[in-house]
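Welcome! Here is a short briefing for anyone meeting this structure for the first time. Please take a look at it before reading on.

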Amino acid sequence: MEQKKGKLILFSGPSGVGKDTLLDILLRKDPTLQKSISITTRLKRENERDGVDYYFITPDDFEAMLDQGDVLEFAKYGKNLYGTPKKPVDKWLSEGKTVILKIEVQGAAKIKKMYPLSTAIFIMPPSLEILEHRLRCRGTEDEDDLVRRLEIARCEIEKSRGYDYIVINDDLEEAADEVLDIIEKIDK
Ligand code: 5GP
């Protein structure tokens, strides 16, 4: 697929690494950035808002969007499906905007094939122990889901070698500045 005018950023990292908080800081520091809102079949967490954090939809509606060709990529993560709506991303890129996709590693690999000029950034925890501690403190998953997320995290960290950049999230503000620096330096 032909690369459009804007910059496309793939933002990955294991569950609990702080991607959402980092994204909030990035959007605050640079309001011109455009965050893509994914669709998911996962249940909404208490602190999440439909249409802001995700579009929370049923498996049937997810399937319908796939059938209509409205999904740029999708992946199964744990028991749930996650996907990137196609139309907004195409529109923002054609308007020259910088678009950020929060995406797990399989989805990122698919997008990288479709948009070879996209930039893949992996947010890394300082250690697996710290990641587990952060996930447990967050308290949004039951033990089964948490263990599954830590297993996926190990695989994802192994695959991070394929990313263009790795940013360690030790200090949120510093990590955000590092990501902004990377975005700034990308040639379209
Ligand atoms: P969570 O349930 O913690 O919100 O998300 C689980 C994983 O799904 C995270 O790694 C997140 O980055 C990823 N994810 C969120 N939206 C999408 C998407 O549209 N496509 C893909 N492939 N992964 C996504």
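The notes below cover the ligand site and then the two sheets.

This is a predicted model, in which local features need pLDDT of at least 70, side-chain atom pairs count only at pLDDT 80 or more, and totals for chains, interfaces and linings use all residues. Residues are numbered from 1 along each chain as its sequence is written, and side-chain values use heavy atoms, with hydrogens and water left out.

**The ligand and its surroundings**

- The ligand sits in the largest pocket. A pocket is found on a 1 Å grid over the protein atoms alone, as an open set of points where a 1.4 Å probe fits, with protein on both sides within 12 Å along at least five of seven lines; a molecule sits in it if more than half of its atoms lie within 2 Å of its grid points.
- Two elements, β5 (71-77) and β6 (80-85), give two or more residues to the shell around the ligand; strands are DSSP runs of E with at least two residues, numbered from the N terminus.
- There are 16 residues around the ligand, and S38, R42, Y54, Y82 and E104 come nearest (a residue is near if one of its heavy atoms lies within 4 Å).
- By type, the shell holds seven charged, five nonpolar and four polar residues. Here Asp, Glu, Lys and Arg count as charged, Ala, Val, Leu, Ile, Met, Phe, Trp, Tyr, Cys and Pro as nonpolar, and the others, Gly among them, as polar.

**Polar contacts to the ligand**

- The side chain of Y54 has an N or O atom 2.6 Å from an oxygen atom of the ligand.
- E73 places a polar side-chain atom 2.7 Å from a ligand nitrogen atom.
- For T84, a polar side-chain atom lies 3.3 Å from a ligand oxygen atom.
- On its own the ligand has 510 Å² of accessible area, and the protein covers 98% of this (Shrake-Rupley method, 1.4 Å probe).

**The five-stranded sheet**

- One open sheet runs in the order β2-β7-β1-β8-β9 with parallel pairing; two strands pair if DSSP finds at least two bridges between them.
- Its edge strands, β2 (34-35) and β9 (165-168), each pair on one side only.
- Four bridges link β1 (residues 7-12) and β8 (residues 119-124) in the parallel sense, and S12 has F122 of β8 as its bridge partner.

**The four-stranded sheet**

- Another open sheet has the order β4-β3-β6-β5, with mixed pairing.
- At its edges are β4 (55-56) and β5, each pairing on one side only.
- Strand β3 (residues 39-40) pairs with β6 in the antiparallel sense over two bridges; I39 is partnered by G83 in β6.
- β5 and β6 run antiparallel and are joined by six bridges, with V71 partnered by P85 of β6.
- In the hairpin of β5 and β6, two residues lie between the strands, and G78 takes a positive phi near 60 degrees.

Technical notes. Polar contact = N/O pair within 3.5 Å; in protein donor to acceptor, adjacent residues only side chain to side chain. 1 Å grid on protein atoms, 1.4 Å probe; cavity = no way out; pocket = protein on both sides within 12 Å on 5 of 7 lines; lining within 4 Å.
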